[in-house]
Amino acid sequence: MFDSSVFHTVRRGALALATAVLASCASLPTPSVAPETLSPEAVRADLRFAMETLERNHPDLAHSVDRSELERTRMEVERSLDHPLTRDEAWAALARLNPAFADGHVLIGPQGWREASRAHLASGGGFFPFEVFLGPDGAPRILSALGGGATAHAGRALTRINGQDAREVVRELMSRMHGDTPLFRAALLSQRWWLYYGKLHGTPARFELELDGAEVVRVPASRELPAMLQAEEDFERLYRFELLEGGDALLTLGSFSWPDKARYFAFTQDAFSRMRTAGTRRLIIDLRANGGGDDDMWKEGILRYVADRPYRAGSSYRKRSRKPGETTGQVVAGEITSLEEPRVDEPLRFKGEVWLLVGPLTYSSAVLFSNVVQDYHFGAVAGVGDAVRVRQSGGVQSVALPNTGLMLSYPRFVLDRPSGAREPVLLRPDVVLDDDPLHPHAAVDVLLSRPVGSHLP
C-alpha cells in the first residue's frame, strides 16, 4: 500500500510556481556566507554535488530528463566555469541545467529569494518597474505597474531594455527557467520577471525602455512589492467567491497552501452554503494561479461537497523510501490501494456542474485535483493545456549547495494519475480556452456562455 504520509508531501510543489516549490527555500538553514567571488573550482564542485545528489535521491530521473540532453548541458556549463564568479553569476551558470531537468520540482535557484527581495526594497532598492507577460510571439509585454497598479503602457511590447534587444533578454532568461515545458517556463518567467531580470542584469535605479512603435520611456525602478509576493500573504487575494447571475458561481483558489487551514475550510464551507441557498447550478473553480499545496485543501475543501463515489488521488508510484523496514534511499514502486470515501451525509452537497479552469501555472497538487476530477467525472476541465505533466512528482526536498549557497530542489516520489493512463502526457483540458493576461475574466465569460447541461462527462 502507498504510504499516505508520503503522498501528502506533494503539498510543496513548485513553484511553483508553481509557487510552493521555491517557498521551501525560505525554511532552509542559512549556509555560511560565500565569499564575494567564488573560484571556478568551488562552483564546479557544486555542479558535481548537484548532479550526484539528484542521482542518489531522485526516484525516477527518466520521468522528465533526457539524459543525453542533460549531459550535453552539464558539459557546456562545466566548460564555462573557467573564471571567478559572483553568487549571481554562479546561479546564471548552474541554472542553465534547469530546462534540461524539465520538471517544476527540480531546479537550482537562489535561496531565500522572497526574504532577500523584501530586504532589497526595505534598503531602498528597486526592481524592474512593470509586471510582464510573454505574448504568443515570445515578446515581453507590459501587464501592469510592478505590484499590479495601473499603467498607460499595459499591453505594449518591449523591444529594448536598457539598450538590449528584449527578445534576447527573454532567450537569456528562458535558458535558465525550470519547469515541465517551455509554455510552463514562459508563464513562470512572466510571473517572476522582476526577480530573474534582476539576477541576470542587476537592479539599476532607472530603466530606459523602448516600446513597440519605437517609443522610448525612461522610468525609475519600482519600490513596490511585486504582485505575486503581495498575493501569497493575502487571503482575500488568493481565495475569492462570487455568486453570479443565471445560477452560476465563481470560486477562485489561488493556492492549496495556507497556514490557517481552519480559515480556508470555513471559507469553502461558506461558499457551498451560499450556493445551496442561491440554488447555484454551475460552479467554476479558477485554478489558473494555483501552484499546489496540501491535498486536504481540495479533498476536504471541495470534494467533500462534490464527490459522489470513492476515489483515489493517484495510482502507481515510485518513491525514495523512508519507511522502517525499507532501505533508506531505496527506490520503491507500488500502487495506491486505499480510496477516499465520499461524504454521503454532507448537507451542503453540490449536485450542479463543476468546471475547473486551469492554465500553465496550475501545478503540483492542483494537477492531482484536476486528474481526480477528470478521471472520476466529478466535473470537467477547461483552459490552457499542454503545459504541465499529469504524472506529477512531489515530496520536494531542498538542499543548499555547499559553496555557492544556491538551493537544489528535487522530488522524492513520482505519481501516476488515478486511471493509471500515461497518455496524454500533459494536462489536456476537456475544453481548450485561450487565456488573455490583460483580460483574465474572458475565459470565465466563455465558460459562462455555454448552456448549462453542455457539461462534458
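These notes cover two groups of paired strands in a predicted model.

1. Strand β17 spans residues 407–410 and is covered on both faces. Met 407 and Ser 409 lie on one side, Leu 408 and Tyr 410 on the other, and all of these residues are buried. With the cut-off for buried set under 20% relative accessible area, this holds for each of the four side by side in the strand.

2. One pairing of β17 is with strand β1, residues 107–109. The two run antiparallel and are joined by three bridges. Within this pairing, Gly 109 is found opposite Met 407 of β17.

3. Strand β16, residues 397–400, also pairs with β17 in the antiparallel sense, here over four bridges. Ser 398 is placed opposite Ser 409 of β17, and Ser 409 is one of the buried residues listed in the first point.

4. The connection from β16 to β17 is a hairpin with six residues between the strands. Gly 405 in this hairpin has a positive phi near 75°.

5. Separately, there is an open sheet of four strands with antiparallel pairing, in the order β5-β4-β6-β7. Its edges are β5 (164–165) and β7 (216–220); each has a single partner strand, so one side of each has no neighbour in the sheet.

6. At the β5 edge, the partner is strand β4, residues 158–161. Two bridges join β4 to β5, and the strands run antiparallel. Ile 161 faces Gln 164 of β5 across this pairing.

Methods: Residues are numbered from 1 along each chain as its sequence is written. This is a predicted model: local features need pLDDT of at least 70, side-chain atom pairs count only at pLDDT 80 or more; totals for chains, interfaces and linings use all residues. Side-chain values use heavy atoms; hydrogens and water are left out. Buried means under 20% relative accessible area, exposed over 50%, partly exposed in between (1.4 Å probe, protein chains only). Two strands pair if DSSP finds at least two bridges between them.
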